[in-house]
Structure formats: structure tokens, C-alpha cells
Amino acid sequence: MAAALKQPGQPRAFLGALIGGAFGFALVVVLREISGLPTFQTEATGYPHVIVPAITAPLGYLVGLGIFDYWFRWAAGAPTRPEEHSQHGARSLGDYFKFNTDHKVIGIQYIVTSFIFFFIGGALAMVMRAELAQPGTQVVDPGVFNGLFSTHAALMIFIFVIPIFAGIANYVLPLMIGAPDMAFPRLNGLSFWLLPIGGLLFVTSFFVPGGAFDAGWTGYAPLSTGAPLGQSFFNLGVQFAGASSVATALNFLVTIVTMRAPGMNFWRLPLLVWANLSTSLLVVAATPFIAGVQFMVLFDRALGTNFFQAAGGGDVVSYQHIFWFYSHPAVYIMMLPGFGIISEVISTHARKPIFGYRLMALALIGIVVLSYTVWAHHMFVSGMFSWLRVPMMITTLLIAVPTGIKIFSWLGTLFGSVLHLYSTSMLFALGFIVTFVMGGISGVMLGMVPLDIHVSDTYFVVAHIHYVLFGGSVFTIFAGIYHWFPKMTGRMYDEKLGRLHFWLTFIGMSGAFLPMHWIGMEGMPRRVADYSAQFGDWNLLISCFAFLLGAAQLIFLYNMVVSWRWGPRATANPWRAKTIEWQVSSPPPIYNFDEIPRVVGGPYEYGVPGARHAIMAGEEAEVKAPEPATVGGGRS
Amino acid sequence: MLLLTAVISVVMLQFDWNGVAGSTEADDVDLLLDVMIVLSAFVYAIVLVMLGYSIWRYRAKPGDESDGEPIHGNTKLEVAWTVIPTVIVLFGAAYSWFILDKIEARDANRLQVDVTAQQFAWRFEYPEQGVTSTELHVPVDRQVELNLDAIDVIHSFWVPEWRVKKDAVPGKPTSVVATPDREGSYEVVCTELCGVGHSTMRAPVVVEPQEEFDAWIEDQGGTTGGGTAGGGGGETALAAEGRQLFDEQGCSGCHTLKAAGANETIGPNLDEVLPQRSEAEIRNSIVDPGAELSPGFGDGIMPDNFGDALSDEQLDILVSYLVDSTQGKK
């Protein structure tokens, strides 16, 4: 036992959390005693003896887990362990619960953790739909309901969609660019372990006095600054999830810029890499804004500052400006990696080069630039400067243009293709086009000020975000998971169950979210536990489809778990894809390549006789003269 | 493609998606929506036809391991699907801008109403007429300007049939105009999450002919001295004042109290919990709601700022009104 507590690992991590928590608690008690204040401050929003340990216990956990061991030794001048990266690879299930620096292990850790929170968040949605099935209050009271939808959204956004894209890219991206790992493997490990802490803070808020945070995932002040203790858990959870995002984004940027294989210039990058490059540019610049604004709310709550207290000279609307300056780019953080996945899936399963590859890459960059200029379209009725509405409307509508380019280019890719409709990932990619364009159209309508004034904060908005986040992001996530499942696990999944999963998901999502458009337009506001009886029938229908949608995800869970354990062995390249990750074994060896591959052409040269994307070790002899590189910009 | 566009458009335009239109602004907004439905139907039809055609035409047979044609792009097409959507959205933006200016133009003879929102009730003050009410009455075919203010957190004023909405923000006055052109009863719906009573934060709206509106104003004007708006003929002046406070302060937004015609259930039912309590206890529960809680109701549901919002005299009137109406006159 004592030995286990000395080694980095879970036992030492829990000890660290205990020590960290005790230290934080003692600090508050002692300081308050010295200052002559009552020992515990449990009125209103304070609770310092809970908030401070909620910061120090996770830090203790991370230290105990061994994440900082190398850095501490190095900083102290002590000998660092010579065999660094010894933690590479995972040989047993237990290895996934340790601090690991292997990008492939971290990728799996990310994906599995995010899916756990996906199912928790989904269960919360099921309770909400049970309550909303009929007008009136039956299942949960309004206070609990507010906590349910707030936590549902926070988990799905911060702990599922954003990090799972980081997880998929973590696994695939270094392989795609021909790198042995990410640029900063230890930072990569830290990024992952910050994530479950954020998720746990969100979930534990249900068990604190006053219940879970209930001001929505948007946490508008002053509702949030005056809310019970749970709100502080939201403020802190966002910090951990945000720090995780920023660190990963930096890691991707440096990896993509400096670690591309010889010959991999920017115009030979697979679009998934372009997509993560764009996403990372958004994350590093935008995420600090939400971290900052949640600290401001926490300070208003715990330290008596007046950032958002009108009575104390604060400005209520400024919260929304800072919040959306992150949270609008965030919707592209939740969508661009999905665009990347769709490009890989469609090109591979339609056996064609991506139509207009360069314009596709430039469209991503166009979205990055424009997405910083549209945030106030969330605030058309908020009472902000009214002149700001028209320019923000124009930029908002213009962002449909690069998005449209991507849609039309995918459709162009399908033209003249050999379309493999039976692979589940392709079904999700095509389903994505149908649902996402719908979400894009309702998005354009929401961008128009007069229409937005009417439907803002109604179920129309709920329908829109679920069309772009579920029909958009989640569909791309499923496409990506099915596409790379053989690569990650070395096993094949059950394609029949996959198709069943797709069809039930597609039907469930359409039935649940489509009618929300019109009940919103007719007058049902969002975030309500109860509603006028006139919307009763539609809501019952929506709830039924929502339960179908929920049940369909259990098929996915079963398929993934059973196939991972007992599925038939996968070959290195079951889809006959051209990108580099498919040219190594499934799963790839530790450090990915015996010898770094040499890139000689574009990533999607399907149907081009003799064309190659990359030459792997030992293949030199068979290769014909590579086609000349197109435009420069890469290093070699 | 054009056929599908036409079919989608025709079917979609059959419905009044936004429900009943009850203001001149609503007609403008609904026209914009219809135009957008047709344009969207065109775009969606292109996508569906291209997708459907590809699936029908290029679907691979099992075991087919060939590749598609190596088409890398087509500059003309790419320019087309960059430029055409740009033109469409810029047209949409210009048209929206035009409509926005139109629906926000202020008439010279508009009626002014000051609206105060608080957890979880609305209060309407007619500064020119000197009337305060918990119902919004407006004359038909005359523009009304609603000047919004919030006491505690952000609320949002929405009458779906008017298609107008604006947040009521603490410390930041906002305003919105509407020109109701259809008589009838509607509801103000709060659309900004404002706490546990958000879903029931509503207020009645009555759009009526000018004469009826004037009569209502007169009725209300008489209430400050004696008599009440909502019946209960035998009430004393003091009771009427208490009743008015009960409405104005938003008590009726959360509590049930038969005497005031209130039947909300966010807070305790006053007819049940008050009969056993002394005046001092009731007074204390208004000023410091967290001190003593009724079973089933948590701390923090009721705002704790009534001690500041009410003068001592008003508090006395409210307490004696509550005592009288739940425990009988002493």
C-alpha cells in the first residue's frame, strides 16, 4: 500500500486530492478565524470553505497522478528519469488510468471519457423530455429542471463535443502528418487529465446545497451572480475544461507547423489537419475570454466585486459581450473539426479526390476570420447598442458563404463517384449534409434581425442548435468514430448494427428537433419546465422521438464495446484510403513509424493512375516518379 | 430542382408559421419569413437533388473496388457557388435592414407604457394616465412604446402575436414599439431565463377599441381611492391598497391567495400557510424569506429585497391585508 502511494498513479492521486482538499479547507478556516469572521460563510453565494477546496483538491489530484513529476524534478535540478516516454503505449486496461504521454493512448482516454459524459448528459435530457411530455409539472419541479438543462448543455458542449474532437485529432492527426507523436507529449497528458475534473465538477454540483447550477450554460449575470453554490462549480468546471482546450490547441498548432513529414507542404495536408489548424486558432484566442468572464462571475459571487451588479456600477450586458466573444467562435470550434472528418470520410468512401481542395481549405480560414466578427447576433434583443445589430447581421449572413462552399464541394465530390453507401461512416456523412444544411438555413434566418427578434429565446433556437450540434457535430463525431474505429482498436465493428444506429438516430433526431421549429415560432419560449396547453401534443410527440433517439445510442454503445473486445481483426487499411494513418498497422505501432514517411502528393488522389500520397519505409523501389509539388509553403 | 423548389415553397407557404399576426409589425416580419422560405427552399432543393441524384446514380455495387473519376475541381462552378450565395445573403441582409427600420420607427402619437419586470411578475405603468396595473391594456391601431426596466435579473418582454421582443435589463433602460391591429386577449411571455418561476412569468394583454381602453383607464384611475379592478365589492380602501401592493410587488406571480385571485404555485399557498402565523412572523417572512421556510420550498426561491422595495408603511398595509384575507377580519 505504502509503495502504491509513492508511485505515480491513482492511489497517490486520490491521496493528493485529499491533501489538496484538506489544505484548501484549512486555509479558509484558519484565515477566517484569524480575521475574526464566522468560520463558515453559508449565506447567499459565498461558501469559501467549499470553493477553495474545489480548486486545490483537483490540483492535488494532478500532482499525485504524477503529471508534474518530470517538470518538478527538472525545475529543482534533480536528475530527471532517463527513460522518458517510458509511459508510451498501453498494455493493459489499467494503463489507461495512468498519466500517459502517448498521443494514441491519450486519444482513447479523451474519446472514452467524453462518451461517458455524453451518456450522462443524454440521461439528463431524457429526464427533461419526460417532464416536458405533458404541460404542467409531473416529474421534476421547476428548480431541478433548470439545473437539468444547464448541466445537460454544459456537459455536452464542454465535456463532449469540444474534447472528443480533440481526442479524435489527438489519435489521428500525428499519424496523418507523419509525426511520431505530438510536439509536447507531457502537456498533452495534462490536457487530458484536466477534462474529467471539469466534468466531475459539473456533475457534483447536483449534490451541493441549492442544487446544480441553474442559470443555463450561458450563465447570464445577474442571475448567475446571485445563484446558489452550484453556480460556482460551473465557474470552476469551465476553467478546467478551458485550460484543457487551450493547451491542446497550442499543442496542435506547434505539431502541425513543425512536425510535418518531409514533403508534407500545406497544400498536401489532409483537410482534417486544416480543420484542426483552424479550430486551434480559434481556441487559443477565444477560450481565454470565457475563462475570464467566469472568473468575473465567481469574483462577484465570492469576493463582492461589482463587474455585473447594476446597483454597484457594473454593467449587466457586458457579461454577454465577453461570453459570446468566446461562445460564438466556440460553435465553430464545435463544427470545423467535424468538417475535417466529413472530408476524409466522403473522399474515402466515394473514392474521389475532394472537389476544390484549395477552396475547401481557404473556406476554413474564411470561417475562422469571420467567426470573430459575429458574436453580437446572440444579443439582438439584449439592449446592447442598437447600431451594432446591422453590421453583425451582415457578417453573420456572410459566414454562410464559406460554409456553403464546403457543402457544395462535398456534393461535387459525390458527382461521378463510386459511392459506398453501406459503410456507416458514409451514412452519417450524408445524413450530416441533410441535417446540417437545415440547421444552416435556420441559422441564416436567425441571423436576420427582424426574424431573430421574434424567435430569439424560443424553441426555434433550441431546434436550430440541435440541428447544428446534433445533426451537425454529433453526426460528424459518429462518422469519425466509425471511420477510425478499426485503426484505433484493430477490430471491425458490426456494420449492420451501425446502419441500424444511423437510421434510428436520423429518425429520432428529425422527429424530436424538427417540430421544435414551429412550436417556437408559434410562441413557446425555451428553458421552461411548463408551457401552454396548446403545445401539449407536439411536445408529447417530441418526447417520444427523443426517447427513440436516446435508445438508439445504446445500440452504438453495445456495438462499440462488444466489437472492441470480440470484433474480427481489422486489416491495416480496410477502406483502402490514401492518407498516411492507413499505411501503418491497425492499431499503429508505438511511435507510429519505423522511419518517417516521405510525402510526394496530395492526400486524396483516388482514381489517378500511379499517384501516391506518401512513401512508407521500404517502399522506395516500387515508386514511380512523384508528381511535382504544386504550391510551396511547406518545409521539407 | 425548380420543381422541388416550387413544391417545397408552395407547401411551406400554406402555414402561418408564426401563428396569429396581431400587429402591423407582424405582417412585415411574416413577409420577410415567406421570402426567406422560398429562397431557402431553392437552396435546400439544390442540395437534396444533388445528393439524391448522386446516391441513385453512383451507388457502388457490393465488391466494387474501382475508384471514381479523378475530378479535382472546376473553377467556374466554384466561383458560382461562392458568388450566388453571397448575392442571396446580401439581398437578405438589405431586406432585413429595411424591415428592421420599418418596424422600429416611432410614431409621434404613440402611447407610453413603463414596464417593470421582476421575479416573477410584470407591472405596467401608464405615466400619462396615472395608472398602474398588472394587466397590459392597449388601444387597437395605435402604436405603443414599452419602456422596459428590470428590478432583479434580466427578463424579456415578448408578445408572440406582435412579433416584438426586448430584454428588460437591470440598470439599463430599453424600449420596444408595437402597433397592435387586432383586438383580443394575448399574453406577455418572459423569454429570458430568470429563475425558478420563469416558465409561469406571464401577464395578460388586452387589445381593445379606444373607447373601451378609455373606460378601463377610468376604472383604474378610480382604484387608488377605493374600489378595485378585479371585483370584491366590499373591500375597504386599506384592503384595496394592500391588494394593489400584492399585485404590484409580484406576490401574485408566485403565490396562491384566493382573496387576490392569485393561484400560482412557485411559492407556498398563502391561504394554507398564513392562518397559523402572527403578524410579526408574516412581516419577517416578507423581509427575510430564508429565515423560516415552508415545507417543500427551498431557500432562495423568493427574492430577499422586499425590505428595500417596500416602505415601512407599505409593509404594514401589505401585512394587514394578508392577515385580513387569510385569517378573517379581527
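The following exchange asks how some terms apply to this predicted model.

Student: What makes residues of chain A and chain B count as being in contact?

Tutor: Their C-beta atoms, placed from the backbone, must lie within 7 Å. By that rule the contact takes 73 residues from chain A and 68 residues from chain B. On the side of chain A, α14(A) gives the largest share, 9 residues. That side divides into 50 nonpolar, 17 polar and 6 charged residues.

Student: Why is α6(A) called mostly covered?

Tutor: A residue is buried if 20 or more other C-beta atoms lie within 10 Å of its own. In α6(A), 33 of the 35 residues are buried, so the helix is mostly covered.

Student: How do you know that the span of α6(A) is close to the one expected?

Tutor: The expected span is 1.5 Å times one less than the number of residues. For the 35 residues of α6(A) that gives 51 Å, and the helix reaches 49 Å from its first C-alpha to its last.

Student: Where does α6(A) bend?

Tutor: The bend, about 35°, is at Asn170(A), and Pro174(A) follows within four residues. After the helix comes Gly178(A), with a positive phi near 75°.

Student: What makes β1 and β2 of chain B a pair?

Tutor: Two strands pair if there are at least two bridges between them. β1(B) and β2(B) are joined by 5 bridges, so they pair, and they run antiparallel. Asp114(B) stands opposite Glu125(B) in β2(B).

Student: Why are β3 and β8 of chain B called edge strands?

Tutor: The open sheet has the order β3-β2-β1-β5-β8 (chain B). β3 and β8 each pair on one side only.

Definitions and conventions. Residues numbered from 1 in each chain as written. Chains lettered and ligands numbered in written order. Predicted model: local features only at pLDDT ≥ 70, side-chain atom pairs only at ≥ 80, totals over all residues. Contact = placed C-beta atoms within 7 Å. Helix = DSSP H or I, 4+ residues; strand = E, 2+ residues; numbered from the N terminus. Nonpolar A, V, L, I, M, F, W, Y, C, P; charged D, E, K, R; others polar. Bend = angle between axes of the 7 residues up to and from the residue. Buried ≥ 20, exposed ≤ 12 C-beta atoms within 10 Å, placed from the backbone.
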